[in-house]
Amino acid sequence: MADQANTIEVPTDAELLQAQADLWRHSLYYLTSMGLRCAIKLGIPTAIHRLGGAASVPGLMTKLSLPASKQPFLRRLMRVLVTNGVFAAEHNDGEVERYCLTPLSRILVDGVVADEHHSQTSFVLAATSRHYLEAALGLDEWFRKDVAPPLPSPFEDVHGASLFDESTALLDPELDAVVNEGLAAHDNLGIGTILRECRDLFRGLRSLTDCCGGDGTTARVIAKAYPHVKCTVLDLPKVIDKAPNDGVVNYVAGDLFHTVPPAQAVMLKLVLHHWSDDDCVKILTQCRKAIPSREEGGKVIIIEILVGPSLGPVMFEAQLMMDMLMLVNTRGRQRDERDWRDLFLKAGFNDYKIVKMLGARGVFEVYP
């Protein structure tokens with residue numbers, strides 16, 4: 001065993017060169033994230049949009065009021081972001097002539113009011129914030145600490161505060177604002193797709209409670225598409241106090257750990273991944289108590305990432321990165337189908353089905 005510990009298999013020349021390139025990529029991926037953050041802070045996606053959807057580097061320099069000396073550096077930044085699919089490039093005689101928006105950068109355009117457009121800039125700014133990075137830098141120390149459960153997240157361990165809690169505002173009011181803006185934008189993105197792809201999900205319902213429904217954006221879209229459904233939004237008092245009282249949906253201030261307003265269906269859209277398994281069972285148990293029997297149409301609708309490699313390596317990697325985000329910053333996690341099934345059974349449900357996969361997310365119906 002000692003002899004083995006002092007020897008190592010030597011890669012071939014080709015393997016060694018590839019390993020070095022892979023090492024560069026993995027060690028420096030954070031610079032792509034910082035480049036994306038820089039583009040958002042400068043307002044590049046919005047500038048390209050306002051320039052008609054395509055812009056040259058000189059055009060961007062003028063639009064963004066950047067000093068002329070930075071033009072070569074902007075080209076280099078844009079080259080990286082084009083390579084990573086944030087922007088596209090139009091070429092003329094082998095030279096980049098203009099940069100264009102892609103589906104990714106379109107959801108980073110600010111200042112546009114349109115159906116189904118929810119700018120994701122706050123999500124990026126939160127994910128690349130100093131506080132998130134400091135929590136990740138403390139990951140090795142967190143692993144070494146032997147503490148009794150419930151285990152704090154690395155974010156809690158480093159900062160002494162919990163995300164989405166009042167302690168975040170005490171830590172840094174600006175962080176608290178951008179995190180909550182990013183959460184709302186992230187959660188509201190894609191509800192139109194759900195309605196189009198899962199037409200039977202809300203059909204025939206008389207009432208629906210949207211747990212942690214924020215300002216009611218999702219519930220209002222559902223109420224507009226299905227006027228016969230009485231929609232109620234449950235969220236914390238500090239959230240409900242700021243919600244628009246437009247008469248389209250009902251608002252209830254409360255805590256889903258203690259009670260959920262009764263309805264034929266209860267919806268948890270991108271909620272449970274923030275919580276530990278034990279907390280998820282408590283939440284799901286309250287949801288089960290709030291709905292009637294399956295024979296009476298009772299069900300819980302869950303929309304969450306469903307981890308698995310079947311969608312290909314790129315989507316699978318995105319799911320795992322979202323799980324790492326949860327590991328570092330919350331006590332929750334992303335889950336595969338077996339994990340979800342175990343939670344449903346522990347909370348007293350008898351059956352479930354996966355209605356559809358929508359990108360990285362699964363749409364579940366869970367039955368009492």
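**Strand 7 and its partners**

I looked up C211 first and found that its bridge partner in strand 7 is L268. The model is a predicted one. I then checked the pairing around C211: strand 4, residues 207-211, runs parallel to strand 7 and is joined to it over 4 bridges.

I followed L268 to its other neighbour. L268 stands opposite I302, which belongs to strand 8. Strand 7 and strand 8 are also parallel, with 5 bridges between them.

Next I asked how many residues of strand 7 are buried. The count is 5 of 5 for this strand, residues 265-269, and I noted strand 7 as mostly covered. I sorted the residues by face: A265, M267 and K269 lie on one side, V266 and L268 on the other, and all are buried. Both faces of strand 7 are therefore covered, with buried meaning under 20% relative accessible area.

**Whole chain**

I took the totals next. The chain has 18 helices and 10 strands. It holds 368 residues, and 42% of them count as buried. The C-alpha trace spans about 65 × 65 × 40 Å along its principal axes. I also looked at contacts with a separation of 6 or more: 61% of them join residues 24 or more positions apart.

**The sheet of strands 1, 2 and 3**

I traced an open sheet of 3 strands, in the order 1-3-2, with antiparallel pairing. Strand 1 (54-55) and strand 2 (87-92) are at the edges and have a single partner strand each, so one side of each is left without a neighbour in the sheet.

I checked the contact between strand 1 and strand 3, residues 95-101, and found 2 bridges in the antiparallel sense. A55 has Y99 of strand 3 as its bridge partner. Helix 5, residues 71-83, lies across strand 2 and strand 3, and its angle to strand 2 is about 110°.

**The largest pocket**

I noted a volume of about 2,400 Å³ for the largest pocket. Its lining has 47 residues, and those nearest the centre are S33, F123, A318, M321 and M322. I listed the elements that give two or more residues to this lining: helix 2 (13-42), helix 6 (103-106), helix 7 (121-127), helix 8 (130-137), helix 13 (191-197), strand 8 (299-305) and helix 17 (313-329). Strand 8 is the strand that I had already met as the parallel partner of strand 7.

Which element gives the largest share of the pocket lining? Helix 17 does, with 11 residues. By class I recorded 31 nonpolar, 13 polar and 3 charged residues in the lining of the largest pocket.

**The cavities**

I searched the whole structure for cavities of 30 Å³ or more and found 2. The largest cavity has a volume of about 180 Å³. I counted 17 lining residues for the largest cavity, with F123, Y132, F164, L183 and L325 nearest its centre. F123 is also among the residues nearest the centre of the largest pocket.

Helix 7, helix 12 (173-188) and helix 17 each supply at least two residues of the cavity lining. Helix 7 and helix 17 are also among the elements that line the largest pocket. The classes in the cavity lining are 11 nonpolar and 6 polar, with no charged residues.

**Two single residues**

I placed I40 in helix 2. Is I40 buried or exposed? I40 has a relative accessible area of 10%, so it is buried. Leaving out residues up to four places away in sequence, I40 touches L108, T121, V124 and L125. I also looked up its separation from Y251: the two are 211 residues apart in sequence and 34 Å apart in space, C-alpha to C-alpha.

I found L234 in strand 5, residues 230-235. L234 counts as buried because its relative accessibility is 3%. The C-alpha atoms of L234 and D323 are 26 Å apart, with the two positions 89 residues apart along the chain as a separation in sequence.

**The hairpin of strands 9 and 10**

I ended with strand 9 (residues 351-358) and strand 10 (residues 361-367), which pair in the antiparallel sense over 7 bridges. Within this pair, K356 stands opposite V363 of strand 10. The two strands form a hairpin with 2 residues between them. I checked the turn and noted a positive phi of about 65° for G359.

Definitions and conventions
Residues are numbered from 1 along each chain as its sequence is written. This is a predicted model: local features need pLDDT of at least 70, side-chain atom pairs count only at pLDDT 80 or more; totals for chains, interfaces and linings use all residues. Side-chain values use heavy atoms; hydrogens and water are left out. Two strands pair if DSSP finds at least two bridges between them. Contact means heavy atoms within 4.5 Å. Axes are lines fitted to C-alpha atoms, for helices over the stretch in contact, and angles run from 0 to 180 degrees between N-to-C directions. On a 1 Å grid over the protein atoms alone, a cavity is a set of points where a 1.4 Å probe fits but cannot get out, and a pocket is an open set with protein on both sides within 12 Å along at least five of seven lines; lining residues have an atom within 4 Å of a point. Grid points are joined across faces, edges and corners, and a volume is the space filled by probe spheres set on the points. Ala, Val, Leu, Ile, Met, Phe, Trp, Tyr, Cys and Pro count as nonpolar, Asp, Glu, Lys and Arg as charged, and the others, Gly among them, as polar. Buried means under 20% relative accessible area, exposed over 50%, partly exposed in between (1.4 Å probe, protein chains only).
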